[in-house]
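Colleague: Could you walk me through this model, strand by strand and hole by hole?

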Amino acid sequence: SCGNGGSGDSGGNASCSIGNGSYEKSKAGRRAGNGARAEGCSLSGDGVGDDVNDGREGVGTRGLVAGTTGARSKSSSTADDFRMSEMPWAARGNPLLRLLRARWLEAVCLIATSSIGMGNAQKKKAEQVLLRWQHIGRDLGASYMAFAVPSTASLKALASFIGEGGVVELGAHNGYWASLLASYGCQVKALDIAPPPGPRASLKVEFGTADSLRALPHQTLLLCMPSPGEPDLADAALDAFCGPRVAYVGEWATGMTATRSFHESLLRDFELDRRITLPNFPPMCTSLYLFHRRADIGDTGDEARSISSSVQQTKNCPLRCVFCGGSERLRRCPRVRQMVVCSQACHAAAAHNHSSLLALSLCGWTPRVPGEPGSSYTSLEPCTWLEQHSATAAQWGALATAT
């Protein structure tokens, strides 16, 4: 069972139990994951509430980090963001990454003490609790900070990509990404059609639409998790922006972010410089995509028709098989959606990486379920573009649940 006292509660208790383990939120009035204790493991003082910007780390968390060395994949950039020795969530005051990390560590603590001797029915319920536990943290972070979690590596790469030309973010929400980029020395302007009423970020978010981009001198456009199926944001921004660089944060061609035509425009008019996988609350698979404008814009013919027919199988497409790098006949695991393969051979060869990512997603616990390691390539989901008006109710519901 899993309960939540709500964000910002000042006295209520929330509880989550898996087998014989328990979690009880402290009565300190913090918004998430503070003061947790389970079977002798302590997570104390890791400020994820009102004091998220003070950069402090709790002694209890350090001890648990040192003792939690499993569930990592050396070949996975997602897992690299969780390397135990780097403490990436503490750099430059990134509270959303610290929130993700705190939820993960708390669940690791519970699983370590609660999963022994579970029956199959208990394991199925436990998996649901694990995901719900992390989803609560995801929704809280999205409400107060951002929908996508930046890592230290992604922020450094993005700041370097922006350089001295400045960056404008459209659809900046609360200004979380823009504020972090400003702390890296970037010249930043944050725009949104509904700016937050109060100073919820160190950088002011101003009113602005895609048309506002035409008069701005910034050389990089940042679009972070643009709304699915709404061309007035992502598509209109690409049409209005005249600069040479675009940074896009989202899921590539799943239907979760932006529109199909937006992805087609990126492939047609821009070249991909780099893709950086971001830390994700499971089972999301967001990445940072860095594009520069092509010099040969206006090409037509076979390439344009190919881009129009599939935003997933062109030479410029960032969606690739994790083992061989192929871009055709791609399928993904429904539980670990960044796990993408193109054949049975690649599926079998990537089984270790698959298991590691699954363990990371489920906080060190790896139950055998359909579509996970040991299954066939054909049991995975095809990587197809989904749009609400054309997808089945079951397909759209599964995407909504995942994201």
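Modeller: Sure, let's begin inside strand S8, where Thr220, Leu222 and Cys224 point one way, Leu221 and Leu223 point the other way, and all are buried. Buried here means under 20% relative accessible area, with exposed over 50% and partly exposed in between (1.4 Å probe, protein chains only). Strands are DSSP runs of E with at least two residues, helices are H or I runs of at least four, and both are numbered from the N terminus. This is a predicted model, so local features need pLDDT of at least 70 and side-chain atom pairs count only at pLDDT 80 or more, while totals for chains, interfaces and linings use all residues. Residues are numbered from 1 along each chain as its sequence is written, and side-chain values use heavy atoms, leaving out hydrogens and water.

Colleague: Why is S8 largely enclosed by the rest of the structure?

Modeller: Strand S8 covers residues 220-224. It counts as largely enclosed because of how many of its residues are buried: five of the five.

Colleague: Which residue of S9 stands opposite leucine 221?

Modeller: Two strands pair if DSSP finds at least two bridges between them. S8 runs parallel to S5 with four bridges, and valine 167 stands opposite threonine 220 there. S8 also runs parallel to S9 (residues 245-250), with five bridges. In S9, the residue opposite leucine 221 is valine 246.

Colleague: In what order do the three strands of the open sheet come?

Modeller: The pairing in this sheet is antiparallel. S13 (340-341) and S14 (381-382) each have a single partner strand, so they stand at the edges with one side left without a neighbour in the sheet. S12 (residues 331-332) pairs with S14 over two bridges. The order is S13-S12-S14.

Colleague: And what is the bridge partner of arginine 332 in S14?

Modeller: Arginine 332 belongs to S12, which spans residues 331-332 and pairs with S14 in the antiparallel sense. Its bridge partner in S14 is glutamate 381.

Colleague: How much space lies in the largest pocket?

Modeller: On a 1 Å grid over the protein atoms alone, a pocket is an open set with protein on both sides within 12 Å along at least five of seven lines; a cavity is a set of points where a 1.4 Å probe fits but cannot get out, and lining residues have an atom within 4 Å of a point. Points are joined across faces, edges and corners, and a volume is the space filled by probe spheres set on them. The lining has 36 residues, with Phe147, Cys224, Met225, Pro226 and Ser227 nearest the centre. The space in this pocket is about 750 Å³.

Colleague: How many residues of that pocket's lining are nonpolar?

Modeller: Ala, Val, Leu, Ile, Met, Phe, Trp, Tyr, Cys and Pro count as nonpolar, Asp, Glu, Lys and Arg as charged, and the others, Gly among them, as polar. Helices H4, H6 and H12 and strand S5 each supply at least two lining residues. The lining has eight polar and six charged residues, and the nonpolar ones number 22.

Colleague: How many charged residues line the second largest cavity?

Modeller: The structure has six cavities of 30 Å³ or more, and the second largest holds about 80 Å³. Its lining includes Glu251, Arg275 and Arg332. Beside six nonpolar residues and one polar, the charged count is five.
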